[in-house]
Amino acid sequence: MPNPAIPPRLVLAPMEGLADDILRDVLTGAGGYDWCVTEFVRISATVLPHSAFTRISPELKRDSRTRAGTPVRVQLLGGDPALLADNAAQVAQLRPAGIDLNFGCPTPLIYRNRGGAALLDEPELLQRITLAVRQAVPADIPVTAKMRLGIRDAGRAIECAQALEAGGAAELVVHGRTKEDGYRPPARWDWIARVREAVRVPVIANGEVWTVADYRAMREQTGCADVMLGRGAVADPFLAARIRSGAGEAADDWPRIAPLILDFWSQVQGKVLPRQAPGRLKQWLGLMRRIYPEAEQLFLEVRESRHAEEVTPVLLRRLAPWRRPIEGVARLE
């Protein structure tokens with residue numbers, strides 16, 4: 001078990017296609033996170049302009065923090081050490097809270113193009129990438145890495161973790177699944193424990209934490225003091241805050257969640273086209289309904305909506321009892 005005298009660190013995971021800057025803003029506003037990580041910036045052919053990084057992480061324009069003050073690390077994905085190093089140097093000019101390297105994305109497109117989890121059969125390349133990036137950015141900017149256990153099996157997980165450590169990664173996030181596991185449960189927490197025992201840098205455990213009880217079980221089984229929350233944090237926006245406070249599971253949190261939904265909806269309408277906005281809301285509600293019956297009811301009511309104008313009246317009618325003044329609320333009128 002981790003030392004109970006050492007406060008745990010909680011991290012909000014990067015989630016491609018789900019947790020963009022708006023949802024990061026809303027979830028970190030609910031409290032409990034030490035830092036969060038952006039969706040990956042794909043590095044494939046050239047050195048990207050600053051605008052490519054600020055598009056993924058508008059927080060870079062605000063001291064690399066969300067509105068709640070939570071630090072944001074920028075995640076890079078690619079397979080070319082020199083190109084990744086050049087792009088890391090570019091984003092370092094914007095003073096991010098950290099630079100994270102993605103060796104975990106399992107999606108077919110990324111895998112076919114030798115990115116993300118595709119590199120987990122090449123520990124020596126992992127080391128060269130990490131070393132190149134570490135040498136390219138100022139020492140005061142942390143360089144970290146996120147990995148899965150492997151591609152088809154976990155046979156090289158320890159070798160990969162040690163390669164990342166040797167390359168200069170300050171911390172490792174270990175997602176307890178292989179590439180071929182995808183997101184199917186269970187996560188292999190026992191393998192996260194093996195990786196933790198094999199390296200000297202901190203290991204942050206990740207995978208299949210949906211409840212406070214899951215969090216406690218993961219810490220016990222992995223021995224990791226620190227945990228990264230992913231889809232569980234999206235499904236239950238106050239999960240990190242309850243972990244922090246030692247409170248129990250979600251019960252009567254819907255009155256606190258309703259204003260978050262209105263805030264999210266207001267920000268989404270300022271970012272995407274009216275026909276795109278409903279899909280963003282339905283995606284979030286689709287995970288929240290796992291925890292909250294109210295989210296299920298709301299999801300069913302907006303499920304067929306194709307335009308923002310159809311959704312706003314539903315939200316105002318359903319969530320009006322818990323509405324509070326929020327920035328940009330005029331978009332809801």
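**A loop residue**

Glu208 sits in the loop between S7 and H8; determine whether Glu208 is buried or exposed, and find what is unusual about its phi.

The model is predicted, so local features need pLDDT of at least 70 and side-chain atom pairs count only at pLDDT 80 or more, whereas totals for chains, interfaces and linings use all residues. Residues are numbered from 1 along each chain as its sequence is written, and side-chain values use heavy atoms, with hydrogens and water left out.

Begin with the location: helices (DSSP runs of H or I, at least four residues) and strands (runs of E, at least two) are numbered from the N terminus, and Glu208 follows strand S7 (203–206) and precedes helix H8 (212–222). Next comes the accessibility, where buried means under 20% relative accessible area, exposed over 50% and partly exposed in between, with a 1.4 Å probe and protein chains only. Glu208 has a relative accessible area of 18%, and is therefore buried. The last step is the backbone: most residues other than glycine have a negative phi, yet Glu208, which is not a glycine, has a positive phi of about 70 degrees.

**Another backbone exception, and a peptide bond**

Locate Arg114 and state its phi, and then say which peptide bond is cis.

Arg114 lies in the loop between helix H4 (108–112) and helix H5 (123–136). Although Arg114 is not a glycine, its phi is positive, at about 55 degrees. Its relative accessibility of 41% places Arg114 among the partly exposed residues. For the peptide bond, recall that most peptide bonds are trans. The bond that joins Pro185 and Pro186 is cis, with omega about 0 degrees, and Pro186 belongs to the loop between S6 and H7.

**The overall fold**

Decide whether the radius of gyration agrees with that of a compact globule, and say how much of the protein is buried.

The radius is taken over C-alpha atoms, and the globule rule is 2.2 Å times the number of residues to the power 0.38. For 333 residues a compact globule would have a radius near 20 Å, and because the protein has 20 Å, the two agree. The C-alpha atoms fill a box of roughly 55 × 45 × 35 Å along the principal axes. Within this fold there are 14 helices and eight strands, and 57% of the 333 residues are buried. Contacts (heavy atoms within 4.5 Å) complete the picture: of those with a separation of 6 or more, 71% join residues 24 or more positions apart.

**A helix and its cover**

List the buried residues of helix H7 and identify elements that cover them.

Helix H7 spans residues 189–198, and its buried residues are Trp189, Trp191, Ile192, Ala193 and Val195. The cover of these buried residues includes helix H6 (157–167), strand S6 (172–175), strand S7 and helix H8.

**Cysteines without a partner**

Explain why Cys105 is not bonded to the closest cysteine sulfur, and give the number of disulfides.

A disulfide is a covalent bond between the sulfur atoms of two cysteines, and the criterion here is a pair of cysteine sulfur atoms within 2.5 Å. By this rule the count is zero disulfides. Cys36 is in none, since the nearest cysteine sulfur, that of Cys105, is 18 Å away. The sulfur of Cys105 is 16 Å from its closest counterpart, in Cys160, which is too far for a bond. Cys36 is buried with a relative accessible area of 0%, and Cys105 is also buried, at 8%.

**Surroundings of two residues**

Describe where Thr66 and Leu239 lie and what each touches, leaving aside neighbours up to four places away in sequence.

Thr66 is in the loop between helix H2 (50–56) and strand S3 (72–77), and it is buried at 5% relative accessibility. Its contacts are Arg24, Asp25, Thr28, Cys36, Glu59 and Val72. Leu239 lies in helix H10 and has a relative accessible area of 0%, so it is buried. Leu239 touches Val209, Trp210, Thr211, Val212, Leu229, Gly232 and Ala233. Val212 also serves as a reference for Gly246: their C-alpha atoms are separated by 8.5 Å, at 34 residues apart along the chain. Gly246 is in the loop between helix H10 (239–245) and helix H11 (254–269), and at 46% relative accessible area Gly246 is partly exposed.
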